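Biologist: Could you take me on a close tour of one part of this model, the membrane-annotated chain and what packs inside it? I work at the bench, so please keep it friendly and concrete.

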Amino acid sequence: MAVDTSATTTGTPAGHVPGHLRAIWLFVESMWVWYRRNWRSSAFSSMLLPLLYLVAMGLGLGTFVDAGGRAAGAIGGVGYLQYIAPAVMVATAIQNATGEVTYPVLSGFRWQKNYWAVASTPVSPAQVADGHLLWVTLRIGLSALVYLVIAALLGAVASPGAILALPVAVLTGMAFGAPLAAYSATLDTEGQQFSVVFRFIVMPMMLFAGTFFPIEQLPAWVRPLAWITPLWHGNELARGVTLGGLDPLPALGHVAYLLALLVAGVLLTRRMFDRRLAS
Amino acid sequence: MRARGLVKRFGDFEAVRGIDVEVRRGEAFGFLGPNGAGKSSTMRMIACVSPRSAGELRVLDMDPDVDGPRIRARLGVVPQQDNLDTELTVRQNLQVYGRYFGLSRAHVRARAAELMDFAQLTERADDEVEPLSGGMKRRLTIARSLVNDPELLLLDEPTTGLDPQARHLLWDRLFRLKQTGVTLIVTTHYMDEAEQLCDRLVVMDGGRIVAEGSPAELIRRYSSREVVELRFPPGGQDGAVHRVRDLAERVEVLPDRLLLYADDGEGALATAHQRGVQPVATLVRRSTLEDVFLRLTGRSLVD
């Protein structure tokens, strides 16, 4: 019963170095194997919670807003449900991305230590970083798609342009998620810092960066805070493509800002993974 | 694997201070030393996951700085702490890991079955890893390290924390691997492990190599054939030292006992009794690497 170390069973050669993109994809594949076993635990928070927001705010609060007056005027004459639907998708993408780049990244280094296992194979730390970010991208994309379909069934989607809001949501989620992944990769703690991130960055951003009401309703001195959030840029874009009225120049500006955050985040994440796994 | 003047620095701290090592193909080679001797840092450099700070290093005839991924493709690594995916099954752990070596799904499926057989884990194939015993997890980690048919297997403290039965089972598996021609490099702070597994070893202390040879050679060179242990109540050994000093080539005074290094242990013990030395317990045994280490560094391996 000695182990066969010559790999005669299948006749294929022993280990070799997978191609660059393939190596990244193999990490995604491993996350998928895990997800297939464990998706139930996260399905509620990532897919159903945003629909609760949509129903409670859009249908519940919406009846007051749509009744007329200053509020209805401020959102530009669309129904409140249609007004918030694209933005809730973007805000959810940020929340889901946050969930996937905080504790899971820390766990890869500290608890499960699966990053260390992968780094001892031909796959490099930067490829692990890319793989994790690509996995998060796909996950938040999948959640956004499920949300969009159900929102459409609820009559919350104003136009077919909402299809374009999907990539916007994913881009925005990763524009926030990638830099946060880099930060998570620097931590050597039990993750106490993450509750600060949730409470003082993600939640306020969701509430005040134009998801449920236009930021013009904020005092003028607070608005710049909304401008620096990726969520505001994502909300403007997602609403623009869904409800119309998006001017090319501001649109370009929003996309450029989000892309800049994303690229910086990816580069930093690669660097932090490399520093930690290959020192 | 060959290293010349190999150095690893972390900031101001020098973990490995210029070591020369050569491991030949098919050999089982050990790094023996206490915690903090620089064994794990050395292993990480050989595993191509930690760039060297200075010196020369060739692994499988390649330079880790240039060919890291190509070398890693042909290595098996058993880390000090298990890093299995505890939320996946035994089988999935092997298959997922195998895929990172560019192996096809069919290949890793077949290989996983073979390796579970080898590691005696077939019955637990589709169980999650989390509830497995420490020994089973360790066996799975070793099985996982073989998924790519490595030419060189690196084992960092392979049996630390396991009970004796689990350790013997692991040693047996490693011995079989050696029979099939796999080169083994093992770090350990257990002298029995080094004696069981290694054809040749180096003793490391404080980032340097202090001795090199086969276990038998090292014992011959640095110790006597036999050792007499005389155990005393605390403090009692001091009065006895001068009465046994001439019975052995060397006498070590430990907190609770005296070690007499003599080729004829029984004879030395009998003489000690005649002279009225009255220890509470005595033992005559053969010399081990523990004695070699004590001789070389003045300290014991396991603190």
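Modeller: Happy to. According to UniProt, in an unreviewed entry, "domain: ABC transmembrane type-2" covers residues 41-276 of chain A. Please keep in mind that this is a predicted model. Chain A averages a pLDDT of 91, and 95% of its residues score at least 70. The stretch to treat with care is residues 1-12 of chain A, where the pLDDT is below 50; beyond near neighbours in sequence, that stretch has 26 contacts in the model.

Let's begin with the annotated span. Residues 41-276 of chain A are 78% helix and 0% strand, and the C-alpha atoms at the two ends lie 29 Å apart. The whole of chain A has 12 helices and 0 strands. Its C-alpha atoms fill a box of roughly 80 × 40 × 35 Å along the principal axes. Of the 279 residues in chain A, 50% count as buried. If you look at contacts in chain A between residues at least 6 apart in sequence, 79% join residues at least 24 apart.

The same kind of record also marks "transmembrane region" segments in chain A, again in an unreviewed entry: 47-65, 71-94, 133-157, 163-184, 196-215 and 251-269. Two of these segments can be followed in the model. Residues 133-157 of chain A are 84% helix and 0% strand, with end C-alpha atoms 29 Å apart. Residues 196-215 of chain A are 65% helix and 0% strand, and there the end C-alpha atoms are 24 Å apart.

Now for the packing. The largest nonpolar core has 128 residues, and A:Leu54 and A:Phe273 have the most contacts inside it. Helix H8 of chain A, residues 162-184, gives the largest share of this core, 14 residues. A second, separate core has 29 residues, including B:Val16, B:Phe31, B:Leu57 and B:Ile185.

A:Leu54 is a good place to zoom in. Leaving out residues up to four places away in sequence, A:Leu54 touches A:Leu59, A:Leu81, A:Ile84, A:Ala85, A:Tyr147, A:Ala151, A:Leu154 and A:Ala156. Three of those names, A:Ala85, A:Tyr147 and A:Ala156, turn up again in the lining of the largest cavity.

That cavity has a volume of about 50 Å³, and the structure holds 2 cavities of 30 Å³ or more. Besides the three residues just named, its lining includes A:Pro86, A:Met89, A:Leu148, A:Val157 and A:Thr242. Helix H4 (80-101), helix H7 (125-153) and H8 of chain A each supply at least two lining residues. H4 of chain A gives the largest share, 3 residues.

Next, a glycine in a loop. A:Gly210 sits between helix H9 (192-208) and helix H10 (223-228) of chain A. A:Gly210 has a relative accessible area of 4%, which means it counts as buried. Apart from neighbours within four places in sequence, A:Gly210 is in contact with A:Tyr83, A:Ala87, A:Ile215, A:Asn235 and A:Arg239. The C-alpha atom of A:Gly210 is separated by 19 Å from that of A:Gly60, 150 residues away along the chain.

Finally, follow chain A to where chain B joins the picture. The largest pocket has a volume of about 520 Å³. Its lining has 28 residues, and those nearest its centre are A:Trp34, A:Gln112, A:Asn114, B:Asp85 and B:Glu87. From chain A, helix H1 (20-38), helix H2 (40-66), helix H5 (103-109), helix H6 (114-119) and H7 each give two or more residues to the lining, as does helix H3 (90-99) of chain B.

For chain B itself, UniProt lists "domain: ABC transporter" over residues 1-231, also in an unreviewed entry. That span is 36% helix and 27% strand, and its end C-alpha atoms lie 44 Å apart. Chain B has 11 helices and 13 strands, and buried residues make up 57% of its 303 residues.

Definitions and conventions. Residues are numbered from 1 along each chain as its sequence is written. Chains are lettered from A and ligands numbered from 1 in the order in which they are written. This is a predicted model: local features need pLDDT of at least 70, side-chain atom pairs count only at pLDDT 80 or more; totals for chains, interfaces and linings use all residues. Side-chain values use heavy atoms; hydrogens and water are left out. pLDDT is the predictor's confidence in each residue, from 0 to 100. Contact means heavy atoms within 4.5 Å. UniProt positions are given in the numbering used here, feature names are shortened, and annotations may be inferred rather than shown by experiment. Helices (H or I, at least four residues) and strands (E, at least two) are DSSP runs, numbered from the N terminus. A nonpolar core is a set of buried Ala, Val, Leu, Ile, Met, Phe, Trp, Tyr and Cys residues joined through side-chain atoms within 4.5 Å. Buried means under 20% relative accessible area, exposed over 50%, partly exposed in between (1.4 Å probe, protein chains only). On a 1 Å grid over the protein atoms alone, a cavity is a set of points where a 1.4 Å probe fits but cannot get out, and a pocket is an open set with protein on both sides within 12 Å along at least five of seven lines; lining residues have an atom within 4 Å of a point. Grid points are joined across faces, edges and corners, and a volume is the space filled by probe spheres set on the points.
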